[in-house]
Amino acid sequence: MPDQLKFGLTSMNMGATSYPEALVRVARAAETAGFDSLWAGEHHVLAESSERIPATNRILNPVVALTFVAAHTRTVRLGIGVLLLPQHQPLILAKELASLDVLSGGRLIVGIGVGWAEAEYEALGISYHERGARADEYLAAMRAIWSDEKPAYHGRYVSFQGVQAYPHPVQQPTPPIVVGGRAPAVLRRAVEQANGWYGFALDLDETANVLAQLREAAAHYHRPASLGELEISVAPRIPIDRETAQRFAELGVHRLILIPPWGMDAPGLEQWVNSVGETLVGQV
């Protein structure tokens, strides 16, 4: 069981916190309340046919939003949970993420995923069915440009050599890489290439099931010693009190990334963050 459960806060670039004043107020309140990290997800576009997310939802670009947050906070970590990696040009994304890590003083956590909405890929002109292979290549390419003395990568989807991209991230050789999702290929990617794994909207039984699958994957795939222990972050879809948080910790969860109540205005969110800080954060 982790020595002390950490708490993050997600949806920082959506809803009420997609407005600048509210984003600053809630981010500062969370930092003061003891949250270890603030998280922002990504959708470049939303399909009008989607039943999961209304197409008119306000979602800021997570790199831009967290750069704004970085300028108004001092210590809280900044997590992108998650970037839809196959939808990006990897060298441009690497530059954006390195810039955020530099400007925040080394506070970035890079969460990556491949997404579930085929319509979003179609709109961007990217093959939905090649997204896993692209993610593996793009991550390798980003690692190379971030830290290699003579960066080069040659794959099916990205190929380069003879170029440099400074500044490198403050965190070397890379900012922490967190892989989100539950598919077998995702769990393999987490074991082989990531510092952490992120499960979104899970209850206790679902978390236990995925962690068992991760242990099974760890028995089949090689994990470089340099990656250390796989840090487990979960955004629970059930109400969290001290007892429930402790049960997540006993499963092996290192961080709970709380999903704020939907539809709250900025004062309500700020009050909720303060309440959670007093009753939960630092108490488990």
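**Exercise 1.** In this predicted model, determine which residues on the other side of helix α2 are exposed, and state which residues of the helix are buried.

*Solution.* Step 1: V64 and A71 are exposed on the other side of α2; exposure here requires over 50% relative accessible area. Step 2: Helix α2 covers residues 62-72, and its buried residues are P62, V63, A65, L66, V69 and A70. Step 3: Viewed down the axis of α2, these buried residues lie within an arc of 160 degrees, so they line one face of the helix.

**Exercise 2.** Identify the elements against which the buried residues of α2 pack.

*Solution.* Step 1: Two helices are partners, namely α1 (20-33) and α3 (90-103). Step 2: The strands β2 (37-40) and β3 (77-84) also pack against the buried residues of α2. Step 3: For context, the protein as a whole contains 9 helices and 10 strands.

**Exercise 3.** Assess whether the radius of gyration of the protein agrees or disagrees with that of a compact globule.

*Solution.* Step 1: For 284 residues, a compact globule would have a radius of gyration near 19 Å. Step 2: The protein has 18 Å, which agrees. Step 3: The C-alpha trace spans about 50 × 40 × 40 Å along its principal axes. Step 4: Of the 284 residues, 52% count as buried. Step 5: Among contacts between residues at least 6 apart in sequence, 69% join residues at least 24 apart.

**Exercise 4.** State how many charged side chains of each sign the protein has, and how far apart the centres of the two sets lie.

*Solution.* Step 1: There are 23 positive and 30 negative side chains. Step 2: The centres of the two sets lie 4 Å apart.

Conventions. Residues are numbered from 1 along each chain as its sequence is written. This is a predicted model: local features need pLDDT of at least 70, side-chain atom pairs count only at pLDDT 80 or more; totals for chains, interfaces and linings use all residues. Side-chain values use heavy atoms; hydrogens and water are left out. Helices (H or I, at least four residues) and strands (E, at least two) are DSSP runs, numbered from the N terminus. The radius of gyration is taken over C-alpha atoms; the globule rule is 2.2 Å times the number of residues to the power 0.38. Buried means under 20% relative accessible area, exposed over 50%, partly exposed in between (1.4 Å probe, protein chains only). Contact means heavy atoms within 4.5 Å. Lys and Arg count as positive and Asp and Glu as negative; His and the chain ends are not counted. The place of a charge is taken as NZ of Lys, CZ of Arg, CG of Asp or CD of Glu. The arc is that of the directions from the helix axis to the C-beta atoms.
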